[in-house]
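Reader: I am new to this structure and should be grateful for a close look at a single part. Please define each term as it arises, and proceed step by step.

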Amino acid sequence: MSGRAFVFGDNIDTDVMAPGTLMKLPPEELAQHCLAAVDPDFARTVAKGDFVVGGRSFGIGSSREQAAVSLSLLGVRAVIARSFARIFWRNAINLGVPCITLEQAGEISAGDRLEVDLAAGRLTNLTTGRGYDFTPLPPHLMAMMDDGGLMPHLKKKLAGAA
Amino acid sequence: MGRGSTLVEKIIARAAGVDRVAPGQLVTAQVDLAFAHDSSGPRRWAPMLRELGVGLWDPQKVAIVSDHYVPAVDAESARILKLAREFAAEHQVGAFFDMVGICHLVLPEHGLIRPGAFVAGGDSHSPTAGAFGAYAAGYGATDMAAIVATGETWLAVPETIRVEWSGRFGAGVAAKDIMLFLCRELGMDNAFKAIEYGGDTVEGLSMAERMVLCNMAAELGCEAGVVAPDRTTFEYLRAAGRPVDDEAAALALASDRDAVYAAVHRFNAATLQPQIAAPHDPSRTQDVTEHAGIKVDQCYIGACVGAKIEDLRMAAAVLKGRKVSPDTRLLIAPASQKTTTIATQDGTLQTLMEAGAVLLPSGCGACAGYGAGVLADGEVCISSTNRNFKGRMGSKEAQVYLGSPYSVAAAAVKGRIADPRQFLGEAA
């Protein structure tokens, strides 16, 4: 299943993904403002299975998980960037949104069709025909992703321990 | 050679129950203190704990500080604060602070940040606690819910960057200028790394100034910032009513001489100029003289990083006997109730009020766009806060410059960004 690339630059911060002034809104409404400061049409045009592509330090800033929640609610399949801010990276994978670190993220253009195999660590740009290898998540995080994120994973673990 | 451990590695090894750790190693750490605020804590944790069917793993190791939606301005913020109170009571949270200041200052004020502790905070500026020689990192709400449910979390041991400063600050220069300078020099792309500050400049800094260094480790992208505990640390904690019992053990936390760092940087504090970061990120820093003359609509002194009593005193040193320019406005949100109390007693507040400052409640306020003092389209602000991302302080069409409290106060006097040293010399 492929999706389109929405391409952004370096230092996409959590304030532009979830503005502080709107943090009281219900998650579904907040998501409609995601990335509006840099692309006013993003929330309206992104569709389930699409990809967000960034440069360096994607997700820098606040710990607000609503940044990752918004991407998840908008159906973003994965975020691909040259590097990630740590808290955002953890938040996103905890919610089941994979973050793929790829030095060549800059080779991806807006609108390119992408396909990803997380377990194999393989990203394919169907538009350009280029393929990229990335380091898959360590096994304990792959298991968490397979369960749908940290909460379902922990629930399963706690149930197993009981 | 190269067999020793850094301060951060020692703390993580102890928390993970192993003799030593190496960068990159995946470990599970037992958490000594988990904290969050009203925005990231109870309102997000409650449904997740319910879903898991568990309570807090150890209420005595959990702290909640309501500082984001304070005081309530509408029914929804009131509901969030009420939920925090009810959660704290229901779960018998060991330390609950309601509207007495910002978590990163309130916890140290109560002596709750201990040297050597593994601290998990539900806020990106949680590294502030590293000023006490703790490993303190920020986490999002789901991570935090898992931590307060189980008392543990996974991490990959970070590499440590060491930054050494030597020499004394000139007039009008503060720890904030170090951090704005480092945001430019080291950039913000330092994820999964810790930063350790040392050198004679850092050894001579107060805890308040060390907290600035560790707070803005977040702007460097670092997961933690640390300063080795010393007599200054011990004196602060003694004054907070919770002295360190085993000072020798705390001193032994310092990085070994043969510890391995990702990089070591050395800088001279004596030649550091007041620094200003331009919109829209903290790495766009230059000497204040490069930005002098830019007209500002608002001057803001607030936030965990920039409104402690020491910060208010810096502003007062500039504003003593002067007035805020009619071309701008000066808003001050002291970082804690204790800060305001001290400022009332020592005359700082009188100086600021006589200059024409507007006093705001203690809390995260306009820094994070939650509280009073946000900006309109096209407005320009200079702020003592730690980040100036687009739209953070209100309108996404506003421009925010960052500087030290000295620089913010100087801009308040001039109505324009100005070199604070002109107000601090002997001629002043």
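Author: The account that follows concerns chain B, beginning with its helices. The model is a predicted one, in which local features need pLDDT of at least 70 and side-chain atom pairs count only at pLDDT 80 or more, while totals for chains, interfaces and linings use all residues. Residues are numbered from 1 along each chain as its sequence is written, and chains are lettered from A and ligands numbered from 1 in the order in which they are written.

Helix H8 of chain B comprises residues 207-215; helices here are DSSP runs of H or I with at least four residues, numbered from the N terminus. H8(B) is mostly covered, with 9 of its 9 residues buried (20 or more other C-beta atoms, placed from the backbone, lie within 10 Å of the residue's own; 12 or fewer count as exposed, and values in between as partly exposed). Among these buried residues are Met207(B), Arg210(B), Cys214(B) and Asn215(B).

H8(B) packs against helix H6 of chain B, residues 175-186, at an angle of about 15°, and the two axes are 8 Å apart. Axes are lines fitted to C-alpha atoms, for helices over the stretch in contact, and angles run from 0 to 180 degrees between N-to-C directions. H6(B) and H8(B) are therefore roughly parallel to each other (under 35 degrees; over 145 is roughly antiparallel, 65 to 115 roughly perpendicular, and the rest oblique). The crossing of H6(B) past H8(B) is right-handed, that is, the near helix is turned clockwise from the far one by less than a right angle, whereas anticlockwise is left-handed. From H6(B), the residues Ala175(B), Lys176(B), Ile178(B) and Met179(B) take part in the contact, and from H8(B), Glu209(B), Val212(B) and Leu213(B); contact requires C-beta atoms, placed from the backbone, within 7 Å. By class, the contact between H6(B) and H8(B) has 5 nonpolar, no polar and 2 charged residues (nonpolar: Ala, Val, Leu, Ile, Met, Phe, Trp, Tyr, Cys and Pro; charged: Asp, Glu, Lys and Arg; polar: the others, Gly among them).

A second helix pair joins H2(B), residues 42-52, and H3(B), residues 75-90, at an angle of about 55°, with the axes 9 Å apart. H2(B) and H3(B) are therefore oblique to each other. On the side of H2(B), Pro42(B), Arg43(B) and Ala46(B) meet Ile80(B), Leu83(B), Ala84(B) and Phe87(B) of H3(B). The contact of H2(B) with H3(B) holds 6 nonpolar, no polar and 1 charged residues.

Helix H5 of chain B, residues 141-150, is also mostly covered: 9 of its 10 residues are buried. The buried residues of H5(B) include Ala141(B), Asp143(B), Ile147(B) and Ala149(B). Gly151(B), with a positive phi near 80°, follows H5(B).

A single residue further along the chain completes the picture. Asp419(B) lies in the segment after helix H16(B), residues 405-414. Asp419(B) counts as buried because it has 20 C-beta neighbours inside 10 Å. Apart from its neighbours within four places in sequence, Asp419(B) is in contact with Pro274(B), Val288(B), Thr289(B), Ala292(B) and Ala410(B). From Asp419(B) to Ile332(B) there are 87 residues in sequence and 20 Å in space, C-alpha to C-alpha.

Finally, chain B also touches chain A: that contact takes 38 residues from chain B and 33 residues from chain A. On the side of chain A that touches chain B, the residues divide into 14 nonpolar, 11 polar and 8 charged.

Technical notes: Two residues are in contact if their C-beta atoms, placed from the backbone, lie within 7 Å. Helices (H or I, at least four residues) and strands (E, at least two) are DSSP runs, numbered from the N terminus.
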